[in-house]
Amino acid sequence: MQALTSVPHMLHGCDYNPEQWLNRPDILAQDIEQMKQAKINCVSIGIFAWAALEPREGDYQLDWLANIINKLYANGIYTVLATPSGAKPAWMSKKYPEICRVNASRVRELHGGRHNHCYTSPVYREKTRKINEKLAERFADHPAVILWHVSNELQGECHCPRCQAAFREWLKARYGTLDALNQAWWTAFWSHTFSDWDEIESPSPIGEQLIHGLSLDWKRFCTAQTRSFFENEIAPLKAANPRIPVTTNFMAFYDGISYWELAKSLDVIAWDSYPAWHSRQDGDETYNAFWSDAFSDMCRSMLGKPFLLMENTPSQVNWQSVCRPKTWGFHRLTAIANLAHGADSIQYFQWRQSRGCAEKFHGAVMTHANRTDTRVFREVSSVGAMLEKLDGLCGAKTNANIAILYDIESHWAVNAAQGPRNGAIGDNELMLRMYLPFWKAGYAVDFVNSEMDFSGYHLLLVPMLYMLRADVAKRICDYTKQGGTVLLTMHSGVVDEHDLCYMGDTPAEGLAALAGIRFLEIDPLFDEQHETMRIVKAPFPLAESYRLERLCERVAAEGAEVLAVYEHDNPAMPDDLPCLTRSSFGRGTAYYLGGFAEERFFSDFLISLAERLGIAPALDTTLPSGVVAAARHGADGTKYHFVMNWTPEQKAVNLPHPLKDIETGKVYQNKLPLGPYGAKILI
Ligand code: GLA
Ligand code: ZN
């Protein structure tokens, strides 16, 4: 696989906002020298620079930008060129108020902030297209420009009259007739039947929020509208030079729109990683680390190739409740972890702290002190030096045999439903609970959505797939029939793509028959309550019992072997109610888990299952607690091993075979010592 851009090196970069310093040529000159010292090889420029690029309507001022791009390039620094639509200039909002968003309560916002334009407004689309055309005209063939960074962290929704009209058009295209829409949305309920398209309004706290099909379609529409806005942005860029890839930066697990849909318009996935590091007294960072790595794996899975880490802080952020800086040596660990999970870059927000406004206390490579002899600067430079030795890692693949099916539309639906557990149904938690043991033990995991092909994986995990879209159930059945192993769970196969409950046995569409069970009832628990699952027939070594929380689904075994039952004190309740079952289906096996099990269950069960299936971890060894591993495979056949210690303690890893430290060249025969928060890349 190739590098993600024309640069065959790992990228080490940062958001750079020279427009804040145009009256300080001394600072701009220092920037370049300091960037070279920090081994920065690319910068993202132009994000939020619209007011400097078009200070008055139609008055395009691109010379300052050209100057800076040229100077950077002359010094070996590439440009990731941003389009400025993430923040609109004040003159534009004043002249064209339609570009300002209307919130869900139907109030038009004033100018201010950022990330708050109307995606539908023809004026905003036109202004965006024009400025992008100018940028493309001037820079699309500039050898410095390696990537388009389109807008910034696309998010949110607009409820203005134009968006309402566009929503109705989108619905007409989807349903054809109002009858079909009324049927799909089940609007006879509470007399919510629509008799005219114009009666339909987006969900609102002062209006409709309880037609689930409407809420779901609104999210789909917002996704489609964001994507069409994005397509409008990239049209002039691609027309000028189709060889420059386009990306935009994602936020971890943001669920306002479907990133999976938006990914279809991207050449490269990029994301911004900001875990709340150092929030625990014991210094154990595994919780934060696994959350960030899970989203990295998701990003890598979306296009089946590495991604860019577009932003992370070199020290601290300014928006968490407590903004702790990464502690001594910790930045290197986070950088290595990102590379381990598929990043082909380490980029920062931000190069230099601003003097004023919202982000003046956000961490940066250069702080207000404007010195390079700081700890942060040193740590950033040494990550730069490490990346310089990693050309072979560019484009390196992750060969995952395990997939977790995550469907954002199902996530939207299950969280919008009233009942059986309001507020914390826990679909994402269940997904992460399945991911965690593999992350700890060094098994590669991909995430797939309902539309993606999962037939090649050895193990498919399907946590709470509440909504079954199109033919996904059939594909799960085919996958299993052909020899795959699948784990299904509670509260799956409940509704169709309109969020209408399936009639008949569930999980629907053949999944009940696949698992050899049938849904009876679901018993949600309060936060402080739990039940117990007792293992009655262990397919491989398991504990006697495990704790259950949140959701206990009772099922009848109809052909499945019962592996665990619910333990309870109510004598009137049968004591053989299955909680975990196994069923053979064609050449494969389907497991069904009815109870929301504790972490320990997943680590005991899933790791044994993976071993049974012959799936190998990155390193064939038992890792000490708090130490994790991952691997990537370079185009030349080199296997890169990444070993990370997320604790402040000294650790040692037993190596199954000698491995060489890529930075120092030292060969470790059978013991790899790792200092506090230490990390190594070994081949
Ligand atoms: C986001 C934005 C950046 C910056 C950082 C601060 O990721 O994209 O512009 O505001 O947050 O952490
Ligand atoms: Zn709008």
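**Exercise 1.** What spacing do the donors of the zinc ion (ligand 2) follow along the chain?

*Solution.* The model is a predicted one. Step 1: identify the protein donors, which are the SG atoms of Cys118, Cys158, Cys160 and Cys163, lying 2.3 Å from the zinc ion (ligand 2). Step 2: read these donors along the chain, which gives the spacing C-x39-C-x1-C-x2-C.

**Exercise 2.** Determine the geometry of the site of the zinc ion (ligand 2).

*Solution.* Step 1: take the angles among the 4 donor atoms, which run from 102 to 114°. Step 2: apply the criterion that four donors count as tetrahedral if all angles lie between 85 and 135 degrees. Step 3: the site is therefore tetrahedral. For reference, the ideal angle for four tetrahedral donors is 109.5 degrees.

**Exercise 3.** Decide whether Cys158 and Cys160 are buried or exposed.

*Solution.* Step 1: the cut-off for buried is under 20% relative accessible area. Step 2: Cys158 has a relative accessibility of 4%, so Cys158 is buried. Step 3: Cys160 has a relative accessible area of 2%, so Cys160 is buried.

**Exercise 4.** Describe the surroundings of ligand 1.

*Solution.* Step 1: list the residues around ligand 1, among them Phe48, Asn152, Tyr274, Trp319, Phe349 and His362. Step 2: look for polar side-chain atoms facing oxygen atoms of the ligand. For Glu153, such an atom lies 2.5 Å from an oxygen atom of ligand 1. In the side chain of Arg114, an N or O atom is 2.9 Å from a ligand 1 oxygen, and for Asp272 the distance from a polar side-chain atom to an oxygen atom of ligand 1 is 3.4 Å. Step 3: consider the area. Ligand 1 taken alone exposes 300 Å², of which the protein buries 96%. Step 4: place the ligand; the space taken by ligand 1 is the largest pocket.

How values were computed: Residues numbered from 1 in each chain as written. Chains lettered and ligands numbered in written order. Predicted model: local features only at pLDDT ≥ 70, side-chain atom pairs only at ≥ 80, totals over all residues. Heavy atoms only, no water. Donors = N, O, S within 2.8 Å, 3.2 Å for Na, K, Ca; no water. Tetrahedral: all angles 85-135°; square planar, octahedral: opposite > 155°, others 65-115°. Buried < 20%, exposed > 50% of the residue type's maximum accessible area, 1.4 Å probe, protein only. Near = heavy atom within 4 Å. Polar contact = N/O pair within 3.5 Å; in protein donor to acceptor, adjacent residues only side chain to side chain. Areas by Shrake-Rupley, 256 points an atom, 1.4 Å probe, with all protein chains shown as cover. 1 Å grid on protein atoms, 1.4 Å probe; cavity = no way out; pocket = protein on both sides within 12 Å on 5 of 7 lines; lining within 4 Å. Sits in = over half its atoms within 2 Å of the grid points.
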